[in-house]
Amino acid sequence: MIVEAPIDHLECAAYRIPTDMPEGDGTFEWNATTMIVVNLHAGNSAGIGYTYADASAAHLIIDSLMDIVVSCDALDIDRVVQRMWRQVRNSGRSGIAACAISAVDLALWDLKGRLLDIPLCRLLGQVRDIVPIYGSGGFTTYSDDVLCQQLSRWVHDDGCRFVKMKIGAEPERDPQRIRAVRPAIGDAELFIDANGAFKPSQSVRIANQIRQYDVRWFEEPVSSDDEAGLRFVRLSTPPSMEVAAGEYIFNLDDARRLLDAGAVDVLQADATRCGGITGFVKIAALAEAHHTDISCHCGPCAHLHVGCATAGMRHIEWFHDHVRIEQMLFDGAPKPRNGAVKPDLTRPGHGLEFKSRDAEKYTI
């Protein structure tokens, strides 16, 4: 029986992976994605964690976090996490620091699962065997044909019951793009994501313009920093259209502000940004106390096990960019079946192995 497991060393690297096509949303465009990968070693085991953030997150991990993590007991995750949050006090808790801590925290939980030889969902307390996914992409940089093909593929090939497209870069074109998608996805529910591109009144006008296309989810119609604006949109849109936000939650206070304001019908959280598994579990508990469902934002490999251990879980975002990267670089990455993903309970921890040789060419 393991009673103590000092962390021997920490490794961290940054990788920049080009997209397969130019990608864009309502407020941003990109042609590559940066991934920070952390490996923690204790005894004969190693845990993997990661985040999608600027490469500076890797420098923060190496320069500020590594010395306070190494030599700590890998089984005492809360103690290590508290030390990390104290360490970044003067750097600012949100943004890069939160992403860096998230990557290390994910590695800590993976390491603990491997040391105890147990899948992470069992370690956390499993409440379901599978988690539904929703296909996510539909970038504003896509032609209508590519947009329809992508969303249709998620429905017909992967069995997704929900699909999401980006809007907001050219608001005048969005109704036509939504109209084009509707027949391509059949009875699947259609979600839209503006990434904070609109003002509250503009969001309501757009919701009314597309009412006939039965859009069920309006994500970040306005900035997630505008709790009052989100609440206004939520109370003004059709009852069948839920308002969602939360992908930019970096800590428990960010989640509390959205929930206390009644700003969302569904709260999103991202374990690669909000403090890893430790932060996600706390945010999920806060959402449950507010009788609000939660949905995992992006990074599907990071969310599979915690999704199986979260009572109020709706689904995991099957985000095209991250799915592609994780299928390329992680052995053990989940594959969808009938619109859901399932953990491999024969593998401890997250059940992932990083393909370091395949990733070498992307190192920055």
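Two strands count as paired when DSSP finds at least two bridges between them. Keep that in mind as you click through this predicted model.

**Stop 1: the hairpin**

Select residues 9-24, strand β1, together with residues 29-42, strand β2. These two strands pair in the antiparallel sense, over twelve bridges. Now look at the turn: four residues make the hairpin link from β1 to β2. For a landmark at one bridge, pick Gly24, whose partner in β2 is Glu29.

**Stop 2: strand β4 and its neighbours**

Next, select residues 131-137, which form strand β4. How many of its seven residues are buried? Seven of the seven are, so this strand is mostly covered, given that buried means under 20% relative accessible area. Colour the residues by the way they point: Val131, Ile133, Gly135 and Gly137 face one way, Pro132, Tyr134 and Ser136 face the other way, and all are buried.

Which strands pair with β4? Add them to your selection one at a time:

- Strand β13, residues 340-341, runs antiparallel to β4 and is joined to it by two bridges. Show Pro132 here, with Ala340 as its bridge partner in β13.
- Strand β11, residues 313-319, runs parallel to β4, with four bridges joining them. Tyr134 is the residue to show, standing opposite Glu317 of β11.
- Strand β5, residues 162-166, pairs with β4 in the parallel sense over three bridges. Here Ser136 stands opposite Lys164 of β5.

Stay with β5 and trace the backbone. From β4 the chain passes through helix α5, residues 144-156, to reach β5, and this β-α-β crossover is right-handed.

**Stop 3: the nonpolar core**

Now select Leu40, Ile61, Leu65 and Phe280. These residues have the most contacts inside the largest nonpolar core, which has 120 residues. Helix α3, residues 96-116, gives the most to this core, with 13 residues. A separate core of six residues lies apart from it; among its members are Phe162, Trp217, Ala244 and Val266.

Return to Phe280 and show its surroundings. Leaving out residues up to four places away in sequence, Phe280 touches Ala269, Ala271, Cys274, Ile294, Cys296, His303, Val306, Thr310 and Met313.

**Stop 4: Arg114 in helix α3**

Zoom in on Arg114, which sits in helix α3. Is Arg114 buried or exposed? Its relative accessibility is 16%, so Arg114 counts as buried under the 20% cut-off. Display the side chains of Arg114 and Asp110 to see a polar contact of 2.9 Å between them. Then expand the selection: setting aside residues up to four places away in sequence, Arg114 touches Ser45, Ala46, Gly47, Ile48, Pro348, Gly349, Leu352 and Glu353.

**Stop 5: two positive phi angles**

Most residues other than glycine have a negative phi. With that in mind, visit two loops.

Pick Asn195, in the loop between β6 (189-193) and α7 (200-209). Phi of Asn195 is near 50°, a positive value in a residue other than glycine. Asn195 is buried, with a relative accessible area of 9%.

Then move to Asp214, in the loop between α7 and β7 (215-219). Asp214 is not a glycine either, yet has a positive phi of about 55°. With a relative accessible area of 33%, Asp214 is partly exposed.

Note on methods:
Residues are numbered from 1 along each chain as its sequence is written. This is a predicted model: local features need pLDDT of at least 70, side-chain atom pairs count only at pLDDT 80 or more; totals for chains, interfaces and linings use all residues. Side-chain values use heavy atoms; hydrogens and water are left out. A nonpolar core is a set of buried Ala, Val, Leu, Ile, Met, Phe, Trp, Tyr and Cys residues joined through side-chain atoms within 4.5 Å. Buried means under 20% relative accessible area, exposed over 50%, partly exposed in between (1.4 Å probe, protein chains only). Contact means heavy atoms within 4.5 Å. A polar contact is a pair of N or O atoms within 3.5 Å; within protein, one must be able to donate a hydrogen and the other to accept it, and residues adjacent in sequence count only if both atoms are side-chain atoms. A crossover is right-handed if, with the strands pointing away from the viewer, the path from the first strand over the helix to the second runs clockwise.
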